[in-house]
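The exercises that follow are meant to be worked through with the sequence and the model side by side. Each task is followed by a solution that goes step by step.

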Amino acid sequence: MLIATLFLLAVQADAATPAPPAAAAAPEKKICRRDTSIGSRLDVRRTCRTASEWAAYNRQVEAAENRRQDTRSIGLNGR
């Protein structure tokens with residue numbers, strides 16, 4: 001009985017002790033890309049985003065491309 005009580009007290013004390021905060025969320029490193037306009041060597045834009053922002057952007061571009069291809073195929077097939 002004494003061992004069970006000590007065990008319960010140890011578990012409660014461990015649960016009550018807040019976990020040390022993880023290292024302060026370090027800001028993600030920015031990744032920059034250069035985008036050029038078609039037909040121009042001078043119109044260069046630099047876009048900087050974090051890796052997670054680039055992943056979200058790429059998913060959006062891919063989804064838009066898939067929608068465009070789906071609507072194009074529907075129009076060609078006469079559906």
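**Exercise 1.** In this predicted model, what is the handedness of the link of C32 and C48, judged about the S-S bond?

Solution. Begin with the pair itself: the sulfur atoms of C32 and C48 lie 2.0 Å apart, and since the cut-off for a disulfide is 2.5 Å, the two residues are joined by one. Next, take the angle about the S-S bond, which is 105° and makes the link right-handed. Finally, place the two ends in the chain: C32 belongs to strand 1 (residues 30-36) and C48 to strand 2 (residues 44-50), so that the pair links distant parts of the chain, 16 residues apart. The count for the model comes to 1 disulfide.

**Exercise 2.** Determine whether C32 and C48 count as buried, partly exposed or exposed.

Solution. The partly exposed class runs between 20% and 50% relative accessible area. C32 has 33% relative accessibility and therefore counts as partly exposed; C48, at 35%, is likewise partly exposed.

**Exercise 3.** Describe the surroundings of I31, and state how far I31 and E53 are apart in sequence and in space.

Solution. I31 is located in strand 1 and, because its relative accessibility is 38%, counts as partly exposed. Once its neighbours within four places in sequence are set aside, I31 is in contact with T47, C48, R49, A51 and W54, and the C48 in this list is the cysteine that a disulfide joins to C32. For I31 and E53, the separation is 22 residues in sequence and 9.5 Å from C-alpha to C-alpha.

Terms used: Residues numbered from 1 in each chain as written. Predicted model: local features only at pLDDT ≥ 70, side-chain atom pairs only at ≥ 80, totals over all residues. Heavy atoms only, no water. Helix = DSSP H or I, 4+ residues; strand = E, 2+ residues; numbered from the N terminus. Buried < 20%, exposed > 50% of the residue type's maximum accessible area, 1.4 Å probe, protein only. Contact = heavy atoms within 4.5 Å.
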